Amino acid sequence: MKKQVLNIFTVLALGLAVVGCKKGTEANTSEAKEAATSESSSSKYAVNTSESTIEWKGFKPAGSHNGTINIDSGTFSVTDNTLESGTFIIDMTSINTTDLEGDQKANLDAHLKGTVEGKEGDFFNVAKFPNAAFEITGTTVENGKTMVSGNLALKGTKNNITFPATITNTGDVMTITSDAFTIDRTKWSINYGSKSIFDNLGDKFINDDMELKISITAKKS
């Protein structure tokens, strides 16, 4: 009887671990494509940076870390309530860990930004690459969701990604809220701790998948 109870608790623990580590759907990734264009008569929207952000989450065997990155600026073109084109700039110097405090937070923020001497290139090296950018290459509608495709330029590398988002237009305000999705960071040469790049890491690796969730508010200009 005792063994049966232990087995039940083991199954429950494993189930909770799987749920806790659940990640967003992987974004389709391909080579960079030509940016979308819009008609001169389309409506223009400017990003409200104070109400826009990117949430990130990184995974490792012992758990995960999460935080935010600010959006620096952006503009979009809309025709008949349909998003046609646009670009937004990401302020990589604003990387912020939100699940840690004190020295642990400061140390991880510094490592991610590359402000630790000798570790500048481990992650994002913001001194050399202070900004990232996303430019829309096209949109389609699938199962009620807008599939947004665009070139993500990050750390000097540009790849095209596609992810699901909900886009709403209320008066002069447009919101773009993506589902949580993952990208393979190594496709942008962010290789630190990747067991697909380095051997003999044991359980000291960091998952290649990095989760992102984009939330943008833009106002008609």
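Start by selecting serine 178: at 3% relative accessibility, this residue counts as buried. (Buried means under 20% relative accessible area, exposed means over 50%, and partly exposed is in between, with a 1.4 Å probe and protein chains only.) Before going on, know that this is a predicted model, where local features need pLDDT of at least 70, side-chain atom pairs count only at pLDDT 80 or more, and totals for chains, interfaces and linings use all residues. Residues are numbered from 1 along each chain as its sequence is written, and side-chain values use heavy atoms, with hydrogens and water left out.

**Stop 1: around serine 178**

Serine 178 sits in strand S10, residues 173-178. (Strands are DSSP runs of E with at least two residues, helices are runs of H or I with at least four, and both are numbered from the N terminus.) Now show what surrounds serine 178: leaving out residues up to four places away in sequence, it touches Phe163, Pro164, Ala165, Lys213 and Ile214. Contact here means heavy atoms within 4.5 Å. Zoom in on Ile214, since its backbone nitrogen lies 2.8 Å from a polar atom of the serine 178 side chain.

**Stop 2: zoom out**

Show the whole protein chain as a cartoon. You should find 2 helices and 12 strands, in the order α-β-β-β-β-β-β-α-β-β-β-β-β-β along the sequence. The C-alpha trace spans about 70 × 50 × 35 Å along its principal axes. Of the 221 residues, 38% are buried. Among contacts with a separation of 6 or more, 61% are between residues 24 or more positions apart.

**Stop 3: an exposed spot on S1**

Select threonine 25, in strand S1 (residues 25-26). Is threonine 25 buried or exposed? Its relative accessible area is 61%, so threonine 25 is exposed. Apart from neighbours within four places in sequence, threonine 25 is in contact with Ala180, Phe181 and Thr182. Try a distance too: the C-alpha atoms of threonine 25 and proline 164 are 9.2 Å apart, though 139 residues separate them along the chain.

**Stop 4: pairs of strands**

Colour strand S4 (53-60) and strand S5 (63-79). They run antiparallel and are joined by 8 bridges, in a hairpin with 2 residues between the strands. (Two strands pair if DSSP finds at least two bridges between them.) To see one bridge, pick threonine 53 and its partner in S5, asparagine 70. S4 also pairs with strand S12 (residues 209-220), again antiparallel, over 6 bridges; here glutamate 55 has lysine 213 as its partner.

Move to strand S7 (residues 131-142), which pairs with S6 in the antiparallel sense over 5 bridges. Phenylalanine 88 and phenylalanine 134 are bridge partners there. S7 also pairs antiparallel with strand S8 (residues 145-154), over 9 bridges, and isoleucine 136 stands opposite glycine 150 in S8. The S7 and S8 hairpin has 2 residues between its strands, and asparagine 143 takes a positive phi near 55° in this hairpin.

**Stop 5: two loop residues**

Asparagine 81 is in the loop between S5 and S6. Asparagine 81 has a positive phi of about 65° although it is not a glycine, and at 57% relative accessibility it is exposed. Next, go to serine 189, in the loop between strand S11 (181-184) and S12. Serine 189 also isn't a glycine, yet has a positive phi of about 60°; with a relative accessible area of 40%, serine 189 is partly exposed.

**Stop 6: helix H2**

How far apart are the end C-alpha atoms of helix H2 (residues 102-113)? They are 17 Å apart, which agrees with the 16 Å that 12 residues should span at 1.5 Å a residue. (The expected span is 1.5 Å times one less than the number of residues.) Highlight Leu108, Asp109, Ala110, His111, Leu112 and Lys113, which are buried residues of H2. Their cover includes S4, S5 and S6. After H2 comes glycine 114, with a positive phi near 80°.

**Stop 7: the nonpolar core**

Finish inside. The largest nonpolar core has 40 residues, and Phe76, Phe88, Met92, Phe124, Ile161 and Ile183 touch the most other members. (A nonpolar core is a set of buried Ala, Val, Leu, Ile, Met, Phe, Trp, Tyr and Cys residues joined through side-chain atoms within 4.5 Å.) Select phenylalanine 124: beyond residues up to four places away in sequence, it touches Met92, Ile95, Leu112, Lys113, Phe129, Leu154, Lys155, Ile190 and Met210.

Methods
A polar contact is a pair of N or O atoms within 3.5 Å; within protein, one must be able to donate a hydrogen and the other to accept it, and residues adjacent in sequence count only if both atoms are side-chain atoms.
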